[in-house]
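Let's take a walk through this model, with an eye on charged pairs, helix packing and a few residues at the surface.

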Amino acid sequence: LRWNQRNRPNRYGMTPAHNASPPTPHPGLARRGLIAIFGSTFLELVGVFMLSPLLLILLKGNGLSTALAGLFAACGWVGIFLMTPLVSGITRKLGRRLALWLAAAMPLLATTGFLLTDNLGVWFALEFVAGMAGGLRWVLAEAVVAELSPPELRGRYVGLFETMVGATFVVGPALLAWVGPQRTEALTLVLTLMAGGLLWSLLIPPLPRATDADVAPSGARGIWLALTAHPVVMVAGFLGGFFESGVSSLLPLYGLALGLGPSGAALLVSASGLGSALMMLPAGLLADRMAFHPSQRWGTQAQARQTLMRGCAWLTLAATAVVPWVASHPALAWPVVFLWGGAGGCLYTLAMIDIGSRETGLTLVNGTAVLVMAYTLGGVLAPALGALALDVSATVGFPALILLMAAAGVLAMHQRLQKW
């Protein structure tokens, strides 16, 4: 990989926010790398999303309290959160290829442990380790896909990758329902999927050493510099996590509060997921088209992507503005949650495209880590605050919270866009 002078990192390893797209590796290597990342991630995540509900079913079947089962599920997310700021340091020491191999091997070992022991303490430890591996893969896979994608097709590949990841949320539980929650058979299938993910990870070709490996900071300093370098992107990531991941976890409760039956309330989650699955790839394709418009109708590449992110933020606000009428017209809930999920997923996708178009190497890993943290923060705050708002009022408190968050997001993105 070669850097021109304008793309050269400064002494902190950060590139100018207005620079051109970073260079990509040789097309053949990039193609092989993308196929390996896509395949290994799909197999591993299908195994993960089959394993997670299976473990909770087994724990409840063994008489574990709901509170402890919830704590067990939270262990994985704690592992993801704690691993995220460490990814760039691990990548500096191991390189991206070995780090991805490690991310594929750790869940396989954890799943083997679940199969071999019933000790609850060991299960908690294994879930934490699996969560840390998930955080490592989440950041690295996103960063490598963005970096290996051709600049003019980056939106297409990132959008396709995010859509594939969303599909694993459906395929994993569907496989569990097909096999049944019998421990041995189900865990054996999970183990097979994890092993397949590891074997496919071994196909990842040797990746060039990060050009900023000696200068880019890692740990807290790297995270802070990435945050200050990409404030618009992090706002987009937070809004994406809030509306795609966080709000969707509350939709069954919201549906029940609106008077929908249990099945209808649960299907609201499907409507949100459908919006996310159907809109992320088109958003990526549109980002490519706008950024590389022959007449630069939308301004620079960065301005074009930011215009799209701003449009998605306005879409969440427009959908939320309808919520006060949902209580009297419950059918409106379906298009509203569809747009929430779709706009939230598009915001995350566009944010990832933007970071990948500006950065490379460890600087890109740091930026992706902060995006993941922003998305996770939004995903955690939404159910925490939303549950309180639903307790106050499903027709006033919850809509007010969602409307406030959507309006604040639009305002924040406009303020930052004016200063960019």
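Here is a report on salt bridges first, then helix crossings, then individual residues and distances.

Keep in mind that this is a predicted model.

**Salt bridges**

The structure holds four salt bridges. Three of them are set out in the table below, with their N to O distances.

| Pair | N to O distance |
|---|---|
| Glu147 and Arg96 | 3.0 Å |
| Arg305 and Asp354 | 2.7 Å |
| Arg358 and Asp354 | 2.6 Å |

Start with the pair formed by glutamate 147 and arginine 96, whose side chains meet in a salt bridge. It links distant parts of the chain: glutamate 147 belongs to helix α5 and arginine 96 to helix α4, and 51 residues separate them. Are these two partners buried or exposed? Glutamate 147 has a relative accessibility of 7%, so it counts as buried. Arginine 96 has a relative accessible area of 10%, so this residue is buried too. The cut-off behind both calls is that buried means under 20% relative accessible area.

Now go further along the chain, to the salt bridge between arginine 305 and aspartate 354. Arginine 305 sits in helix α11 (residues 301–321) and aspartate 354 in helix α12 (residues 333–358), so this pair ties together parts that are 49 residues apart in sequence. Arginine 305 and aspartate 354 are both buried.

Aspartate 354 also meets arginine 358 in a salt bridge. Here both partners are in helix α12, four residues apart, which is about one turn of the helix. Arginine 358 is buried, as is aspartate 354. Put together, Arg305, Asp354 and Arg358 are linked in a network of salt bridges.

**How the helices cross**

Helix α4 covers residues 96–116 and helix α5 covers residues 120–148. Their axes come within 8 Å and cross at roughly 150°. That angle is over 145 degrees, so α4 runs roughly antiparallel to α5. The crossing of α4 and α5 is left-handed. This is also the helix pair that carries the glutamate 147 and arginine 96 salt bridge, with glutamate 147 in α5 and arginine 96 in α4.

Helix α5 has a second packing partner to look at, helix α6 (residues 154–179). How do α5 and α6 pack? They meet at an angle of about 155°, with their axes 8 Å apart. The two helices are therefore roughly antiparallel to each other. As for handedness, α5 passes α6 in a right-handed crossing, while the crossing of α4 and α5 is left-handed.

**At the surface**

Which residues make the nonpolar surface patch of about 300 Å²? The patch is made by Ile35, Trp200 and Leu203. Isoleucine 35 lies in helix α1, which covers residues 27–61. Its relative accessibility is 51%, so isoleucine 35 counts as exposed, given that the cut-off for exposed is over 50%.

**The loops on either side of α11**

The loop between α10 (262–291) and α11 is where you'll find glutamine 296. Glutamine 296 has a phi near 50°, a positive value in a residue other than glycine. For context, most residues other than glycine have a negative phi. Glutamine 296 counts as exposed because its relative accessibility is 51%.

Tryptophan 298 lies in the loop between α10 and α11 as well. With a relative accessible area of 34%, tryptophan 298 is partly exposed. Its C-alpha atom is separated by 44 Å from that of methionine 106, and the two residues are 192 residues apart along the chain.

Valine 322 is placed in the loop between α11 and α12. At 29% relative accessibility, valine 322 counts as partly exposed. The C-alpha atoms of valine 322 and leucine 253 are separated by 19 Å, with their positions 69 residues apart along the chain.

**One more long-range pair**

Last up is phenylalanine 81, found in helix α2 (residues 66–83). Phenylalanine 81 has a relative accessible area of 42%, so it is partly exposed. How far apart are phenylalanine 81 and leucine 377 in sequence and in space? They are 296 residues apart in sequence and 9.4 Å apart in space, C-alpha to C-alpha.

Note on methods
Residues numbered from 1 in each chain as written. Predicted model: local features only at pLDDT ≥ 70, side-chain atom pairs only at ≥ 80, totals over all residues. Heavy atoms only, no water. Patch = residues over 30% accessible without salt bridge, like charges linked within 9 Å, V, L, I, M, F, W, Y side chains within 5 Å. Areas by Shrake-Rupley, 256 points an atom, 1.4 Å probe, with all protein chains shown as cover. Buried < 20%, exposed > 50% of the residue type's maximum accessible area, 1.4 Å probe, protein only. Axes fitted to C-alpha atoms, helices over the stretch in contact; angles between N-to-C directions. Parallel < 35°, antiparallel > 145°, perpendicular 65-115°, else oblique. Left-handed = near helix turned anticlockwise from the far one by under 90°.
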